[in-house]
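Here are some friendly notes to read with the model open beside you. Take the points in order, and find each residue on screen as you go.

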Amino acid sequence: MRIVSGIQPTGNLHLGNYLGAIRQWVAMQNEAADQGAECLFFLADLHAITLFQTPQEMRDNVRGMAAALMAAGIDPAKSILFNQTRVPETTELTWLLMCVARIGWLNRMTQFKEKSGKNREGASAGLYTYPVLMAADVLLYNATHVPVGEDQKQHLELARDIAAKFNQDFGVELFTLPEPKIGATAARVMSLRDGTAKMSKSDPSDMARINLSDDDDTIAQKVKKAKSDAELLPATYAELAARPEARNLVGIYAALTDENPDAVCARFAGQGFGAFKPALAEVLVESLRPIRDRYNALRQDHAAIDAALEQGAIRARALAKPQLEAAQAAMGLFG
Ligand code: TYM
C-alpha cells in the first residue's frame with residue numbers, strides 16, 4: 001500500500017481541504033504506520049504556478065501550508081512531506097506522460113473549463129496540462145491510494161487512463177493504477193454563502209469559507225452569517241436533498257463529530273437554524289482551535305519547516321529515481 005496526495009500551497013488551508021482531504025491523510029498516515037505502508041504528502045507548488053503567484057507569496061505559502069499540514073497531524077517522522085519542485089523527477093516524468101496522454105482526454109477536464117472560464121486562450125499552457133503533472137505525482141511513486149475530495153476524481157481517472165495506456169503501449173506492468181479515496185461525508189464541502197458552489201480558496205468572499213487560521217469569534221460570525229433557510233430540520237438527511245445550504249451545514253457538523261448525518265438530523269429534527277447554528281459553531285471552534293494553536297506555534301519556525309521538507313525531498317527522490325529510469329527504459333530512452 002502506498003498513499004500519495006498533494007495540496008496546492010495557495011492561500012490558507014480551509015475547511016473543505018481539511019474535511020475533504022487532510023483529515024483522511026492523517027487517519028491513513030496513522031493506520032499505514034501500523035501496516036508498514038508508506039505515505040507521501042506534498043505541496044503542489046508546480047500546480048500553484050499555473051495561475052500567477054508572486055515569488056514572495058510562493059515562499060510564504062509553501063512554508064505556511066507545510067506548517068498547516070503538520071498542525072493538522074501530518075507527522076514528518078511518519079510520512080514523507082515535501083514540496084514537488086524538490087523532486088525534479090516529477091517534471092521529467094510529466095514530459096514522458098504528456099506524450100502518452102491524448103489532447104482529447106485533456107479537453108474533457110472540467111476543472112480547466114472552470115478555472116479558465118471565458119479566458120481560455122489567455123490561460124497558461126500549464127493550467128491546461130496540469131492533470132498530466134498530477135498523474136506524474138502519483139505514478140512516480142506507484143500510489144495505490146490517493147485520498148482527495150470529490151473535485152479531484154476526474155483528474156485521477158485520467159491518471160489511471162495514462163498509466164494503462166503507458167503500460168499497454170510499451171508492454172510493461174510499470175505503473176500501478178491509483179485508486180481515489182473519497183470520504184463518505186464532506187467529500188465536497190460547499191461555500192457558506194452559496195450551497196451550490198464549492199468552498200474554495202479562490203472565492204472572493206472570505207465569509208464563504210472557514211480558514212484553519214480563523215479565530216473563534218470569526219468562526220462563530222461566519223456560521224451565524226452562513227446562508228441557510230427558514231425551514232425546520234427534518235428527521236433524515238435525505239430530506240435535505242433540495243436544500244443545499246442546510247444539507248451542507250448538517251454535513252459539516254456530521255463530518256466534524258464523526259457521526260452519520262442521519263443521526264445529526266434525528267437529534268435536531270423539528271428545530272430551526274437558530275438552534276442548529278450555535279451548536280455547529282461550537283463544534284467547529286472546538287475542533288479547529290487545537291489545530292490553529294499548533295499552527296501558530298509552528299508557523300514562525302522556518303528552520304524546522306525547511307528541515308522537514310528537505311528530509312522529505314531526499315526520501316521522495318530515492319523512491320522517484322528508479323521509477324523514472326524504468327519509465328525511460330520502457331520507452332527506449334535509457335539503459
Ligand atoms: P487543492 O489544493 O485544490 O485541494 C487539496 C485537497 O482538498 C480537497 N478539497 C476539497 N474537498 C472537499 N470540499 C471542498 N470544498 C474542497 N476543496 C478542496 C481537494 O479535493 C484536494 O484533495 N490538484 C490538486 C493537488 C494535487 C494532487 C496531486 C492531489 C496535485 N497533485 C496528486 C492528489 C494527487 C489540487 O489542486 O488540490
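The points below cover the ligand, the pockets and the cavity in turn.

1. Before anything else, please keep in mind that this is a predicted model. The residue and atom distances in these notes are computed from that model.

2. Let us start with the ligand and its neighbours. Around the ligand there are 28 residues. Those that come nearest are Gln 8, Tyr 130, Asp 137, Asp 151 and Val 189, so try selecting these five to get your bearings.

3. Which atoms of the protein make polar contacts with the ligand? Three pairs are worth finding. A polar side-chain atom of Asp 151 is 2.4 Å from a ligand oxygen atom. Gly 149 uses its backbone instead: an N or O atom there lies 2.9 Å from an oxygen atom of the ligand. Val 189 also places a backbone N or O atom by the ligand, 2.8 Å from a nitrogen atom. As for cover, the ligand on its own has 710 Å² of accessible area, and the protein covers 97% of it.

4. Now look at the make-up of the shell around the ligand. By class, this shell holds 13 nonpolar, 10 polar and five charged residues. Strand 1 (2-7), helix 1 (15-35) and helix 7 each contribute at least two residues to the shell.

5. Where does the ligand sit? The space it takes is the largest pocket. That pocket has a volume of about 1,200 Å³. It is lined by 46 residues, and the closest to its centre are Gln 111, Lys 115, Asp 151, Gln 152 and Lys 198. Notice Asp 151 in this list; you have already met it among the residues that come nearest the ligand.

6. Which elements build the walls of this largest pocket? Two or more lining residues come from each of strand 1, helix 1, helix 6, helix 7, strand 4 (145-147) and helix 8 (153-170). The largest share, six residues, belongs to helix 1. Sorted by class, the lining has 18 nonpolar, 19 polar and nine charged residues.

7. Next comes the second largest pocket, with a volume of about 270 Å³. Its lining has 16 residues, of which Ala 186, Arg 188, Tyr 237, Arg 247 and Asn 248 are the closest to the centre. Helix 10 (residues 244-257) gives the most to this lining, with five residues. By class, the lining divides into 10 nonpolar, four polar and two charged residues.

8. How many cavities of 30 Å³ or more are there? The count is one, and the space in the largest cavity is about 40 Å³. Gln 111, Phe 112, Lys 115, Leu 127, Tyr 130, Pro 131 and His 155 line the largest cavity. Helix 6 (110-116) and helix 7 (125-139) are the elements that give two or more residues to this lining. By class, four of the lining residues are nonpolar, two are polar and one is charged.

9. One last thing to try on screen: find Tyr 130, which lines the largest cavity and is also among the residues that come nearest the ligand. Then find Gln 111 and Lys 115, which line that cavity too and are among the residues closest to the centre of the largest pocket.

Definitions and conventions: Residues numbered from 1 in each chain as written. Predicted model: local features only at pLDDT ≥ 70, side-chain atom pairs only at ≥ 80, totals over all residues. Heavy atoms only, no water. 1 Å grid on protein atoms, 1.4 Å probe; cavity = no way out; pocket = protein on both sides within 12 Å on 5 of 7 lines; lining within 4 Å. Points joined across faces, edges and corners; volume = space filled by probe spheres on them. Helix = DSSP H or I, 4+ residues; strand = E, 2+ residues; numbered from the N terminus. Nonpolar A, V, L, I, M, F, W, Y, C, P; charged D, E, K, R; others polar. Near = heavy atom within 4 Å. Polar contact = N/O pair within 3.5 Å; in protein donor to acceptor, adjacent residues only side chain to side chain. Areas by Shrake-Rupley, 256 points an atom, 1.4 Å probe, with all protein chains shown as cover. Sits in = over half its atoms within 2 Å of the grid points.
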